Each structure stands twice: as structure tokens, then as C-alpha cells.
Amino acid sequence: MAMTNPGSRITQGTFSFLHDLTDEEIKSQIEYCLDQGWAVNVEFTDDPHPRNTYWEMWGMPMFDMKDPAAILYEVNECRKAFPKHYIRVTGFDSNRGWETPRLSFIVNRPTEEEPGFRLIRTEDEGRTIRYTIQPYVTQERPEGERYG
């Protein structure tokens, strides 16, 4: 999970400004989620745009899995299958009134330099300024082929 340029790092989710978590640290966070009664799932994508909230789910939701080591095993199986993708772990709180992800963090990144995003500024009527974020990665290769 080494990066060539840590200054262009995608920063999404909890712990986004920390170093890449070790497997032991990931396991501890999974254990925390389970202690809270949250379901844990593993997701992956090759398009980590901040508005792309619909990542592909690895396997079925793990609502009944209570063993952090078993979930870490699934993280590692996903890493083997998709080594050039972003992979995240999400703790989902299914309690009435919440029913939402409560914790989410990236556990795998492409080994290549992360391409990042560019900010496009457009002036509109009435001195209105609009901003759009465009990922560099979508300009060169189609989905599924973005990281080699």
C-alpha cells in the first residue's frame, strides 16, 4: 500500500489523514464496530470520487458475522482480487433512527500514484461562481481499466 506521492492522497472517511492502517489496526477498528453492534462490510472501487458513494460490495453484507479475524480475512481476499482498487471497510448501524454508516475507512489503495481531482471554476450570471470537481483518472481510461 505504499504511495509514490503522499501529497496527492485521496482523503475520504475516518482516519483519512493518518498513515495507512496496519492489519492489526484494521482488526481493532472492526472489533470496535462489532462491539457497537454494527454490521461490517467491505467495498471496492476504481473511482473514489467524493460523490461516488456507491462502491461495489465484496460478497454479501456481514450482518451476522461477529469475528473480527473473519472480516479481516474478507478484506485480504478483496485485496487479492482487486489489488489496484480502493477498498474500504464500513460499519453500518441498523438501529431504528440511525440506519446509516457510522464508520468508514480506506484499507487499500492503488500502488501507483493517486491521480486526484481538478477543480473547474465557471463564472455564471449575476457574478455567480460554480465549481466542479473532475477526477483526472476518468479522462484517460474507462472504468475497470483506470489503474493499469
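**View 1. Val42 of strand β1 stands opposite Val89 of strand β3.** The model shown in this and the following views is predicted. Strand β1 covers residues 39-45, and strand β3 covers residues 86-93. These strands pair in the antiparallel sense, and seven bridges link them. Another pair of facing residues is Ala39 and Phe92, the latter in β3.

**View 2. The side chains of strand β1 point two ways.** Ala39, Asn41, Glu43 and Thr45 point one way from the strand, while Val40, Val42 and Phe44 point the other way. Are these residues buried or exposed? Residues of both groups are buried. The strand as a whole is mostly covered, with seven of its seven residues buried. A residue counts as buried when its relative accessible area is under 20%.

**View 3. Strand β1 also pairs with strand β2.** Strand β2 is made of residues 56-57. Two bridges join β2 to β1, and the strands run antiparallel. One residue to find here is Phe44, whose bridge partner in β2 is Glu56. Phe44 belongs to the group of β1 residues that also holds Val40 and Val42.

**View 4. Four strands form an open sheet in the order β2-β1-β3-β4.** The pairing in this sheet is antiparallel. Which strands stand at the edges? They are β2 and β4, the latter made of residues 100-108. Each of these edge strands has a single partner strand, so one side of each is left without a neighbour in the sheet.

**View 5. Helices α1 and α2 pack on the sheet.** Helix α1 spans residues 23-35 and touches β1, β3 and β4. The direction of α1 makes about 170° with that of β4. Helix α2 spans residues 68-81 and likewise touches β1, β3 and β4. For α2 the angle is given against β1, and the two directions make about 10°.

**View 6. Ile120 lies in strand β5.** This strand runs over residues 117-123. The relative accessibility of Ile120 is 27%, so this residue counts as partly exposed. Which residues does Ile120 contact, leaving aside its neighbours within four places in sequence? They are Arg130, Tyr131, Thr132 and Gln134. Arg130 is ten residues from Ile120 along the chain, and the C-alpha atoms of the two are separated by 8.2 Å.

Note on methods: Residues numbered from 1 in each chain as written. Predicted model: local features only at pLDDT ≥ 70, side-chain atom pairs only at ≥ 80, totals over all residues. Heavy atoms only, no water. Buried < 20%, exposed > 50% of the residue type's maximum accessible area, 1.4 Å probe, protein only. Pairing = 2+ DSSP bridges. Contact = heavy atoms within 4.5 Å. Axes fitted to C-alpha atoms, helices over the stretch in contact; angles between N-to-C directions.
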